[in-house]
Amino acid sequence: MNDRLLRALARESVDRTPVWFMRQAGRYLPEYRATRARAGSFLALCSTPELACEVTLQPLRRFPLDAAILFSDILTIPWTMGLGLEFVEGEGPRFRSPVRAPGDIDRLGVPDPEDDLGFVMDAVRTIRRELHDRVPLIGFAGSPWTLATYMIEGGSSRDFARTKSMLFDHPRELHRLLELLADATIGYLTGQVHAGAQALMIFDTWGGVLSTSGYEEFSLRYMRRIVERIPREHESRAVPVVLFTKGGGGWMESIAHSGCDAIGLDWTVDLGSARTRVGARVALQGNLDPATLRASPARIRSEVARTLAEFGAGPGHVFNLGHGITPDVEPDHVGACVDAVHEFSPEYHRAS
Ligand code: CP3
């Protein structure tokens, strides 16, 4: 197997920097749009293992990527908790029965990974079978805090008004919800590892909207609990965990002490200084601005070169964007980015 990703996450030597992208499967690919149309909806696509497998593999057919990421969504957990999820075109996710009163939390149960989320486990098994060990498969979940924002707001939000009101006025209830979500996530990620996921990533997309003390109390604490309780080894191989808090650059030292193997960084952070701050403890994943992929291939190449130079020589870097690929990106530009990582990164991995 091409195990560059697993080696880099363990900060072991590699011949070149491994590369994959958040949202590497998605609407920027015409073949994704065709499969989604065949499925009928985004949620149907997520819950049909053969189709989820097909879209997972699509970017790997186009580009020599070093990892596959399970095609699913972080909102599968609240969806199976019975909040009634739909994806509204041009608007994003919407819950029919959001969490509004403390009593709403009492009605939520922890979903069983195989009984309630079996479609995700089946997708993982199907993808592993079809990958034939070409590259490792990354499983994932949302952070409890990020899931809670969607469940309380009822969808995407700009100011997180309801969630923050609960944080300040009813912190005990919010903690009860976060605890439930942490338990659900432990079961969910454990199920993914048993089904064949070889690395895990926790997406804390909205951790960055918290204060420093709020981040520690309402987000990092629960991610730490998850990291402590999920299997960190399976079939005699380490299963590395990446924590990604968008906007969390200021907290990377605390994140590095959470027990994770790697930190996902957004583009506001300089990889060189990040490495000085935490590099001996964890690997770093990132962090090209996704908007770079709208620029010319020449500009993309120079930004890739700059990002690799920022991290510098030696192992422990996984090349990625600082957030997901946007739907308006030209697939060829993604290819130019991968090619540039292949071309420029070997010089940073020569034996010294
Ligand atoms: O990275 C991958 O290729 C794997 C697939 C993946 C998706 N969602 C598919 C998806 C992953 C890892 C996610 C995680 C996810 N989902 C996050 C965390 C990462 C991030 O982007 O911050 C969040 C916050 C969600 C919730 C979510 N799902 C939102 C807010 C939306 C709507 C916004 C949008 O881009 O349309 C989704 C939908 C979604 N999830 C799409 C995809 C490919 C687009 C759905 C479509 O086909 O219309």
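Q: What makes Glu-310 count as partly exposed?
A: Glu-310 has a relative accessibility of 21%. Buried means under 20% relative accessible area, exposed over 50%, and partly exposed in between (1.4 Å probe, protein chains only). The value for Glu-310 therefore places this residue in the partly exposed class. The structure is a predicted model, in which local features need pLDDT of at least 70 and side-chain atom pairs count only at pLDDT 80 or more, whereas totals for chains, interfaces and linings use all residues. Residues are numbered from 1 along each chain as its sequence is written, and side-chain values use heavy atoms, with hydrogens and water left out.

Q: How do you know that Glu-310 and Arg-306 form a salt bridge?
A: Their side chains meet at 2.5 Å, N to O. A salt bridge is a side-chain nitrogen of Lys or Arg within 4 Å of a carboxyl oxygen of Asp or Glu, so the pair Glu-310 and Arg-306 qualifies. The two residues are 4 residues apart in helix H14 (residues 297–311) and are therefore separated by about one helical turn. Helices (H or I, at least four residues) and strands (E, at least two) are DSSP runs, numbered from the N terminus. Arg-306, at 41% relative accessibility, is partly exposed. Elsewhere, salt bridges that share partners join Arg-4, Asp-15, Arg-16 and Asp-66 into one network, and the salt-bridge count comes to 24.

Q: Why is the pair Arg-176 and Asp-106 said to tie together separate parts of the sequence?
A: The side chains of Arg-176 and Asp-106 meet in a salt bridge of 2.6 Å, N to O. Arg-176 lies in helix H10 and Asp-106 in helix H6 (residues 102–106), so the pair links parts that are 70 residues apart in sequence. Arg-176 is partly exposed at 36% relative accessibility, whereas Asp-106 is exposed at 54%.

Q: How do you know that Arg-225 has no salt bridge?
A: The nearest side chain of opposite charge, Glu-179, is 4.3 Å away. That distance does not satisfy the salt-bridge limit, so Arg-225 is left without such a partner. Charge is assigned by residue type: Lys and Arg count as positive and Asp and Glu as negative, while His and the chain ends are not counted. Arg-225 is buried and lies in helix H11 (residues 212–229). Arg-225 nevertheless touches Glu-179, Ala-182 and Ile-186, not counting residues up to four places away in sequence; contact means heavy atoms within 4.5 Å.

Q: What makes Val-239 count as buried?
A: Its relative accessible area is 3%, so Val-239 falls in the buried class. Val-239 lies in the loop between strand S7 (237–238) and strand S8 (241–245). Leaving aside neighbours within four places in sequence, the residues in contact with Val-239 include Val-193, Leu-200, Pro-231 and Asp-261.

Q: What is notable about the backbone of Phe-160, and how do you know whether this residue is buried or exposed?
A: Phe-160 has a positive phi of about 55° although it is not a glycine. Most residues other than glycine have a negative phi, and most peptide bonds are trans. Phe-160 has a relative accessible area of 4%, so it is buried. Its place is in the loop between H8 and H9. Asp-159, in that loop between helix H8 (144–153) and helix H9 (161–169), is exposed at 52% relative accessibility.

Q: Why is the peptide bond from Gly-286 to Asn-287 set apart?
A: This bond is cis, with omega near -5°. Asn-287 is found in strand S10 (residues 283–288).

Q: How do you know that Asp-73 and Thr-205 make polar contacts with the ligand?
A: A side-chain N or O atom of Asp-73 is 2.7 Å from a nitrogen atom of the ligand. A polar side-chain atom of Thr-205 lies 2.7 Å from a ligand oxygen atom. A polar contact is a pair of N or O atoms within 3.5 Å; within protein, one must be able to donate a hydrogen and the other to accept it, and residues adjacent in sequence count only if both atoms are side-chain atoms. Both distances therefore meet the limit. The protein covers 89% of the 860 Å² of accessible area that the ligand has on its own; accessible areas come from the Shrake-Rupley method with a 1.4 Å probe, and for residues only the protein chains shown count as cover.
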